[in-house]
Amino acid sequence: MLSYEYLISILGVIFLITIISLIAFVISKMEKIKQLSSVIESLSKSLDEMDEQAKLIVRTDIELSKTQEELDKKIAGLYTLQKLSRAISTTLEGSQIFKMVEANYLENLGFEKAYGFLWDNQKNEFSLQMSIGYSEEEISTTKAAITTDKNFFLNLIRNEKTTSSMSLTDTTLKTKIENILRSPAFVVTPILPKEGEKGFFAVATENTDTPITDGDEELITILANEIGQALENARLFEKTWHTQQQLEQKVEERTRELTNVLNAVKTINKRKSDFVSNVSHELRTPLTSIKGYAAILLTGKLGTLPPEAKERLEKINRHSDELGHIVNDLLDISRIESGKMIMNLGKHNLKEIISKADDLLSGQLKEKKINFNINIDPDASVLVDPEQIGRVFINLIGNAMKFTPAGGKISISARKLNDGMVQVDISDTGCGIPLGDQEAIFEEFFRVENAINQEVKGTGLGLALVKRIIKAHQGKIWVKSTLGSGSTFSFTIQQG
Ligand code: ADP
């Protein structure tokens, strides 16, 4: 049997054990609570940090959208500026340049009012070039105010500096400009063409929600530079245009003068031709009589003549023949020139024409022992007046013979050209012609001053006649010659 004390002591032990267990339990729980509270503490710290970060994100987002907005504004401004610049730079009329700045462009740049002024040197004041968004009354008040405060604007020009409601620190001055432009937000920038009147461009807005920025100052400065550049271009264009006008006027005057001179020369030339033609005609009749009388006297029908008289008469006869040739050549020249001599054009064999001339000259060629060479295609056909072209050959071969020493060489060749013409070349190994005389020999009465010409007679009319005959055949004639070694006369005629 268990005693009461024993029971109590058992119960006491159990109680003690329970208390100890409870204490151990509480201790272990307290440890956990401690751990938990430290977790809670670190959690709340993290939460705080997260909150901070969220706030930062919101702040950054706001700033980003603000920057984006500014960027958009800048892009829109730049785009407008580009359009405006293009319009301004293509304007070459000074008075039109300011008118290119229209209200809608200005609005896109964030302003609704503008003034453009240029300095007038004569009036010694700023003169209005354009205004946007101001009434007539406001404009006249502004003009007066600008005249009073012109130094502010003149300084701006002198210092080449842009200013604005943002950068102007002098508050009195700022209020003054605000009053002049009737707006709290503004940009004023100088217009500085390299030459000509300078001025300023002012833009303003009553909207103060978005303040004026460096970007606005920059944009308006660029715009004013464009205006300045365009004013300069317009000035240069005007200058060039005036110079061109003056030049054109001068050219016109000179052309008129030259035409008058040319007409006078033509008249004189015609008078000269008429005169030569008339005189030649008048000379022909007495010349024929002289020749006739001389011939009768020489027959002896009017009595036998002493030998001296006969000799003189023969001289008269010879000189009359020479004079007759001159008169005939002169008459022909003036007849071809006046178009009175008609060329009977037809297809003819070139070699045959030359042979006829050769027949006439062969005696002299042999006498002078000149090697004469014709190198021409026997079938070569040309469209010519054979009689006139025959004269051309007689003259040119005759000259070649005259100016080529005995034993020399004369050769004739011809070749077809691409333009439907035939080129004939007559070369000799004669004395040649000085370069300076090579054009003049085709003029009437011109003869080179040389020993041969002093000895051999000539009129200086042969080549003048030849040139006119070739010209009447739509051809050209020229000479290439080396003094002392020979000459080549070339001319063109149409292929047959
Ligand atoms: P002319 O023979 O009667 O003097 P031309 O008009 O035929 O008149 O010739 C003018 C001048 O051109 C000649 O005086 C001569 O000085 C020069 N000339 C013409 N043909 C030749 C030639 N083949 N060689 C050298 N000089 C020439």
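Are Phe393 and Phe491 buried or exposed? Good morning, colleagues; I shall come to that pair in a moment.

First, the basis of the values. This is a predicted model, in which local features need pLDDT of at least 70 and side-chain atom pairs count only at pLDDT 80 or more, while totals for chains, interfaces and linings use all residues. Residues are numbered from 1 along each chain as its sequence is written, and side-chain values use heavy atoms, with hydrogens and water left out.

Let me begin with the aromatic rings. A search of the whole structure returns 10 aromatic pairs. Rings of Phe, Tyr and Trp (its six-membered ring) pair if their centres lie within 6.5 Å; planes under 30 degrees apart are stacked, those over 60 are edge-to-face, and the rest are tilted. Phe393 and Phe491 form one edge-to-face pair, at 5.6 Å centre to centre with 65 degrees between the planes. Phe393 belongs to helix α10 (residues 386-402) and Phe491 to strand β12 (residues 486-494), so this pair ties together parts that are 98 residues apart in sequence. Helices (H or I, at least four residues) and strands (E, at least two) are DSSP runs, numbered from the N terminus. As for my opening question, both Phe393 and Phe491 are buried. Buried means under 20% relative accessible area, exposed means over 50%, and partly exposed lies in between, with a 1.4 Å probe and protein chains only.

A further pair also involves strand β12. Phe442 and Phe489 are edge-to-face, with 6.2 Å centre to centre and 70 degrees between the planes. Phe442 lies in the loop between β10 (421-428) and α11 (451-455), and Phe489 lies in β12, so the pair ties together parts that are 47 residues apart in sequence. Phe442 counts as buried at 7% relative accessibility, and Phe489 counts as buried at 8%.

Elsewhere, ring pairs link a cluster made up of Tyr115, Phe117, Trp119, Phe126, Tyr134, Phe152, Phe153 and Phe200.

I turn now to the ligand. Where does the ligand sit? The ligand sits in the largest pocket. On a 1 Å grid over the protein atoms alone, a pocket is an open set of points with protein on both sides within 12 Å along at least five of seven lines, and the points are those where a 1.4 Å probe fits. A molecule sits in a pocket if more than half of its atoms lie within 2 Å of its grid points.

Around the ligand there are 21 residues, and the closest are Asn399, Asp428, Arg447, Asn453 and Leu463. For this shell, a residue counts if one of its heavy atoms lies within 4 Å of the molecule. The elements giving two or more residues to the shell are α10, α12 (462-472) and β12. Helix α10 gives the most, with three residues.

Which residues place an N or O atom at 3.0 Å from an oxygen atom of the ligand? Asn453 does so through its side chain, and Thr459 through its backbone. A polar backbone atom of Leu463 is 2.8 Å from an oxygen atom of the ligand. Taken alone, the ligand exposes 520 Å², and the protein buries 97% of that. Those areas come from the Shrake-Rupley method with a 1.4 Å probe.

Next, the backbone. Asn124, a residue other than glycine, has a positive phi near 60 degrees. Asn124 is placed in the loop between β1 (113-120) and β2 (125-132), and is partly exposed with a relative accessible area of 46%. Arg182 likewise has a positive phi, about 55 degrees, although it is not a glycine. Arg182 is in the loop between α6 (171-181) and β4 (185-191), where its relative accessible area of 33% makes it partly exposed.

Finally, some distances from C-alpha to C-alpha. Thr429, in the loop between β10 and α11, is partly exposed at 38% relative accessible area. The C-alpha atoms of Thr429 and Thr482 are separated by 9.6 Å, with their positions 53 residues apart along the chain. Lys402 lies in helix α10 and is partly exposed at 26%. Lys402 and Leu365 are 9.7 Å apart in space and 37 residues apart in sequence. Thr162, in the loop between α5 (150-159) and β3 (163-164), counts as buried at 16% relative accessibility. Thr162 and Ile75 are 87 residues apart in sequence and 21 Å apart in space.

Thank you for your attention.

Key:
A polar contact is a pair of N or O atoms within 3.5 Å; within protein, one must be able to donate a hydrogen and the other to accept it, and residues adjacent in sequence count only if both atoms are side-chain atoms. On a 1 Å grid over the protein atoms alone, a cavity is a set of points where a 1.4 Å probe fits but cannot get out, and a pocket is an open set with protein on both sides within 12 Å along at least five of seven lines; lining residues have an atom within 4 Å of a point.
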